[in-house]
Amino acid sequence: MFRPSTRHNIPSSSSNPALEVKVNKRQSGVGSGSGPSGRYPYRLNFYERPPTLDITLEEFETFAIARLRVLSQIEALSHRSLPFAQLQSAITNYTKQHLLLSSNTARNVNLDEERRRDEIGHWVLRLSFCRSPDLRARFIRSEIALFRNRFETDDINERAQFLRSLEFDWQLVDEGEKSRYEKELRACMWEKKDDAFRAESWFKVPWFTVPDLVGSRRVFIRAGMAHVPQSLQISLVLQAFASRLEKALELTAKNLPRLDEDDRLGPVIDHLASSFLSGVASSDYQSPDSTTAQGIVTAEMVDDVARKHFPPCMRNLYGRLKGDHHLKHFGRLQLGLFLKGIGLPLDEAVVFWRRMYGSTMSDDKFNKEYKYNIRHSYGQEGKRSNYPPKSCQQILTQNQPGTQDAHGCPFRHFSPDNLSSFLTMTYPQIDKSSSEMRDILDSVKSTHYHVACTRVFELTHGIKKGEGLGDNESVAHPNKWTDRSRELEREVLEKIKSKEDDDTMMVDP
Ligand code: SF4
């Protein structure tokens with residue numbers, strides 16, 4: 001199924017449609033002109049032809065991660081009960097940034113390259129998501145939502161050409177049949193005017209291929225065939241997309257063991273699936289220039305910033321540190337890197353940790369055993385690597401905490417009872433028996449930890465449900481929570497100040 005190779009230009013010999021990508025060490029690229037090539041004539045894609053082109057190992061991973069981010073964001077958005085229009089616009093905005101796919105009419109764009117990235121990302125993710133029925137279902141749901149968004153935002157002519165290329169065997173309902181069953185067909189239409197009925201055309205498909213339309217009684221069924229109006233064509237297309245993808249994933253799963261032959265790709269593929277489960281979207285964190293964006297945080301300020309701006313995982317760690325004057329290794333690492341990310345400089349970090357350990361530790365022990373580690377995490381010792389703060393995905397999936405540990409994510413690592421007690425104690429805005437708490441616990445139960453965390457952010461910052469960190473973004477990094485929270489506070493303070501200035505001007509003679 002998947003035959004990675006470091007050789008160039010090896011012809012494909014496999015007839016397996018699952019995937020055949022030859023992984024090359026060299027950099028590869030397809031097409032540099034602005035028009036689409038014969039391989040990618042349309043923006044939309046049913047991904048039926050496996051790519052048989054050369055790709056580098058780096059592309060294999062980066063294209064898959066780019067798509068994974070989008071799918072993960074779509075999954076998070078769809079669990080946040082947004083109105084349909086808001087959901088679609090959030091998906092459109094997000095894909096524009098992370099997986100842009102332009103129409104043929106777009107100018108100054110390398111269409112082939114965009115479509116190639118899109119295609120390879122999709123096929124690599126099939127390898128990651130074919131492994132279990134649950135993963136397959138989640139992948140298909142997110143892929144359908146992505147396809148639907150692209151379908152609805154596509155150029156009308158291009159979309160029509162794409163649909164013709166699929167050669168669906170839908171039967172057109174002829175005028176005779178249309179007038180014979182006019183009453184039944186009209187009953188399925190929202191628009192009751194005569195003109196609308198005359199303008200509408202209908203397709204016949206086996207009823208079981210459009211269960212959503214049958215369930216919502218929007219089609220007329222006769223002799224086992226559902227009569228679907230053109231205006232509901234999208235249901236037919238999505239159904240076809242889903243069922244073909246489902247079959248392809250099952251086929252890929254059967255062939256997957258052959259991938260074990262390659263020890264370079266196995267870990268990448270495992271990692272992709274676990275990243276999806278923990279919500280990889282926007283997990284890259286670029287620490288802002290603290291001195292200009294948020295200002296430096298001193299050891300003195302940490303307590304106040306924690307109370308107002310720390311996400312649950314860091315509130316938990318900080319609370320344990322304050323209470324016990326001690327944290328185990330992974331807890332120190334998680335909190336220490338986070339503090340660095342919010343703008344605590346090295347000298348202030350040393351002061352902070354020294355104070356927190358207090359009299360439980362001698363100066364000598366602190367200097368010998370702990371100061372080195374603090375300096376190390378700031379890139380001042382050892383390999384001098386400047387370690388970034390940990391993302392939610394890393395916190396959720398790496399170094400699982402034991403019973404005595406404080407690191408990890410409360411949404412994933414606390415029992416439901418402990419979680420609801422912790423949240424009500426930490427954030428008085430959330431009532432234990434409220435419907436919001438039930439929402440949060442439901443998200444946790446279905447393993448959408450970042451959705452639960454985003455809801456807590458909204459509730460504790462007076463933000464409308466669905467808006468998340470802004471522009472519908474979900475929490476995928478603890479530092480993003482804190483940055484956004486401080487930003488919101490700054491905006492409020494600026495508003496108050498400008499109102500005070502206005503009031504002063506009005507009073508002044
Ligand atoms: S989802 Fe992320 S930010 Fe929220 S508590 Fe868990 S690890 Fe922390």
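Two strands pair if DSSP finds at least two bridges between them. Helices (H or I, at least four residues) and strands (E, at least two) are DSSP runs, numbered from the N terminus. With those terms in hand, select strand E5 (220-222) and then E6 (residues 225-229), which pair in the antiparallel sense over 3 bridges.

Before going further, note that this is a predicted model, in which local features need pLDDT of at least 70 and side-chain atom pairs count only at pLDDT 80 or more, while totals for chains, interfaces and linings use all residues. Residues are numbered from 1 along each chain as its sequence is written.

**The sheet**

Stay with E5 and E6, and show Arg222 and Met225, since these are two residues to look at together: Arg222 stands opposite Met225 in E6. Now add E4 (residues 202-206) and E3 (residues 171-172), and an open sheet of 4 strands comes into view in the order E3-E4-E6-E5, with antiparallel pairing. Its edge strands are E3 and E5, each of which pairs on one side only.

Centre the view on E4, which is joined to E6 by 5 bridges and to E3 by 2 bridges, antiparallel in both cases. On the E6 side, Val205 has Ala226 as its bridge partner, and on the E3 side, Leu172 stands opposite Phe203 of E4. Because 4 of the 5 residues of E4 are buried, this strand is largely enclosed by the rest of the structure; a residue is called buried if 20 or more other C-beta atoms lie within 10 Å of its own, exposed if 12 or fewer, and partly exposed in between, with C-beta atoms placed from the backbone.

**Two crossing helices**

Next, select helix H2 (residues 84-98) and helix H4 (residues 133-152), which pack at an angle of about 90° with their axes 10 Å apart; axes here are lines fitted to C-alpha atoms, for helices over the stretch in contact, and angles run from 0 to 180 degrees between N-to-C directions. H2 and H4 are therefore roughly perpendicular to each other, a term that covers angles of 65 to 115 degrees, whereas those under 35 count as roughly parallel, those over 145 as roughly antiparallel and the rest as oblique.

Show the side chains of Gln88, Ile91, Thr92 and Thr95 in H2, which meet Ala145, Asn149 and Glu152 in H4, where contact requires C-beta atoms, placed from the backbone, within 7 Å.

**Around the ligand**

Move to the ligand, which 14 residues surround, the closest being Pro311, Cys313, Cys392, Cys409 and Cys453; a residue is near it if its C-beta atom, placed from the backbone, lies within 6 Å. Helices that each supply at least two residues of this shell include H14 (312-324), H18 (392-397) and H23 (478-507), but H22 gives the most, with 3 residues.

**Two loop residues**

Finally, select Thr447, in the loop between helix H21 (435-445) and H22, which has a positive phi of about 60° although it is not a glycine. Thr447 is partly exposed, with 17 other C-beta atoms within 10 Å. Then turn to Tyr47, in the loop between strand E1 (22-24) and strand E2 (54-56), where phi is near 50°, again a positive value in a residue other than glycine. Tyr47 is partly exposed, with 18 other C-beta atoms within 10 Å.

Definitions and conventions:
Contact = placed C-beta atoms within 7 Å.
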